[in-house]
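Colleague: I have some "why is it called that" questions about this model. Can we take them one at a time?

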Amino acid sequence: MPQKVHPYIPNMVPEVQEKMLKVIGANTVDELYSCIPDEIKLKEEMHIPKALTEWELRRHIEKSLNKNTGANEYVNFLGAGCWQHFIPAVCDEINQRSEFLTAYAGEPYEDHGRYQALFEYQSLLAELVDMDVVNVPTFDWGQAAATSVRMAGRITGRKKILMAKSVAPERSKIIMNYGSPELECEFVDFDIKSGLMDLEDLKAKLNYDVAALYLENPSYLGFIESQGPEISKLLKEKKALMIVGVDPISLGVLAPPSHYGADIVCGDLQPLGMHMNYSGGQAGFIATHDDETFINEYPSRLFGIVPTVKEGEYGFGDVAYERTSFAHREKGKESVGTQTALWGITAGVYLALMGPSGIQEVGQTIMQNSQYAVQEINKIQSVKGSLFESPFFKEFIVDFNKTGKTIEEINQGLLECKIFGGKDLSKEYPELGQTALFCVTEIHTKEDIDYLAVSLKGVLEK
């Protein structure tokens, strides 16, 4: 059957496609997508329904959305990368202003106010992570981590990356995909009792081919990695870099990674004033010390404050613009890509509003709530409230292996109680068996946690 040429889809003319494929050395269009895993490719024809009128489309969308049950209707204990935190009203008030809502690209002469807002965000976040330089946000934590790893590869001239096995699987896949084919990744095991990195395994895999080690603290599995100084010392002996992914809201109570030797710090801004939008509201950040070697490897934009021709007057603009792909174009080290500048501005508003005392209070409240939750869950027969012996921040693994029930069954029972239970880890970490990652933040009340414990007990007794 001959291919139908659609007037609004470019490069559909067979002759044009053939010429393009010949230039890039591919035989078919499908070859361009060979890197996509086969199991996630659509195998059948897309059955696209007929076009709807504007009113019909609106009714269809509203009907579909009404099927969704949100975290405002059920009590939510899900986390694992997108967390429910309190959002001060001023965050939404500022980020919905028309001057900021379309926060994208632009030039200093037309975007002076937005450049200043992003400079303030960078300054506030730099203070929180105790680093000197912070970028305009990337898409999410995964991209920030992947870019950090690529930066480390260019800085050291090495090709091997070590990653803690406790890194979020979704992020590790992004890192490996983004780093290929130049970088080779290898996992470092964690101790099954404490969750902490296995230092003997790290020593065995660490050599002068390693560009960097990437770990997360608090980890995806909830525990706090307390071996930072020892890990940093091992890396420095081999002249490898230490990259630490961090939940920024934890830094009101935990030491920032820069204090135990991190060369690059990255993470997600979502806890700092962003709503959970179907797992949206994500924005990745990267931070380093004021070192030209590192600064010149940032692909994303950096904003600074500079004096103008008028004495006493200052302006805001790009720092080291010539290092970006905007300047180098196709010869750039890495594409700048789309920036989530609006969420950077929102994070700046949140940090300015909370201040050091507010961030500390939020962190303390989260830890008190999560400790109380584990205490109450531990009262349930055959359940271990925290799988690992190490301390944790807002997320912790609950061990249900002795209950005789699967996490799927338990979560289904909790849904009947109008509770979103913990994330099922049995597929991502089969060695942990029937375990689930629960998340407790400052939005959870004592009543919420008590209701979870009572509901869990009831589900397990059925």
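Colleague: What makes E9 and E10 a hairpin?

Modeller: E9 covers residues 303-307 and E10 covers residues 314-318. Both are strands, meaning DSSP runs of E with at least two residues; helices are runs of H or I with at least four, and numbering starts at the N terminus. Two strands pair if DSSP finds at least two bridges between them. E9 and E10 have 5 bridges, in the antiparallel sense. In that pairing Val-306 stands opposite Gly-315. There are 6 residues between the strands, and Gly-312 in the turn has a positive phi of about 85°.

Colleague: What kind of model is this, and how are residues numbered?

Modeller: It is a predicted model: local features need pLDDT of at least 70, side-chain atom pairs count only at pLDDT 80 or more, and totals for chains, interfaces and linings use all residues. Residues are numbered from 1 along each chain as its sequence is written, and side-chain values use heavy atoms, with hydrogens and water left out.

Colleague: Why is the chain called as compact as a globular protein of its length?

Modeller: The radius of gyration is taken over C-alpha atoms, and the globule rule is 2.2 Å times the number of residues to the power 0.38. For 462 residues the rule gives 23 Å; the chain has 24 Å, which is close, so the description holds. The secondary structure comes to 14 helices and 14 strands. Along its principal axes the C-alpha trace spans about 65 × 65 × 50 Å.

Colleague: Why is Arg-329 called exposed, and Ala-80 partly exposed?

Modeller: Buried means under 20% relative accessible area, exposed means over 50%, and partly exposed is in between, with a 1.4 Å probe and protein chains only. Arg-329 is at 55%, so it counts as exposed. Ala-80 is at 22%, so it counts as partly exposed. Of the 462 residues of the chain, 51% count as buried.

Colleague: What makes the phi angles of Ala-80 and Arg-329 worth a remark?

Modeller: Most residues other than glycine have a negative phi. Ala-80 is not a glycine, yet its phi is positive, about 60°. Arg-329 also has a positive value, near 55°. Ala-80 sits in the loop between strand E1 (75-76) and helix H3 (89-95). Arg-329 sits in the loop between helix H11 (325-328) and H12.

Colleague: Which peptide bonds are cis?

Modeller: One joins Ser-180 and Pro-181, with omega about 0°. Another joins Asn-217 and Pro-218, also with omega about 0°. Pro-181 is in the loop between helix H7 (169-179) and strand E4 (184-188). Pro-218 is in the loop between strand E5 (210-216) and helix H9 (228-237).

Colleague: How do you know which strands stand at the edges of the sheet E11-E14-E13?

Modeller: The sheet is open, with 3 strands in antiparallel pairing. E11 and E13 (423-424) each have a single partner strand, so one side of each is left without a neighbour in the sheet. E11 pairs with E14 (residues 435-439) over 5 bridges. There Glu-395 stands opposite Cys-439.

Colleague: What is Ser-382 in contact with, beyond its neighbours within four places in sequence?

Modeller: Contact means heavy atoms within 4.5 Å. On that basis the partners are Asp-399, Lys-402 and Thr-403. Ser-382 and Asp-399 are 17 residues apart in sequence and 8.6 Å apart in space, C-alpha to C-alpha. Ser-382 lies in the loop between helix H12 (341-377) and strand E11 (395-399). Its relative accessible area is 35%, so Ser-382 is partly exposed.
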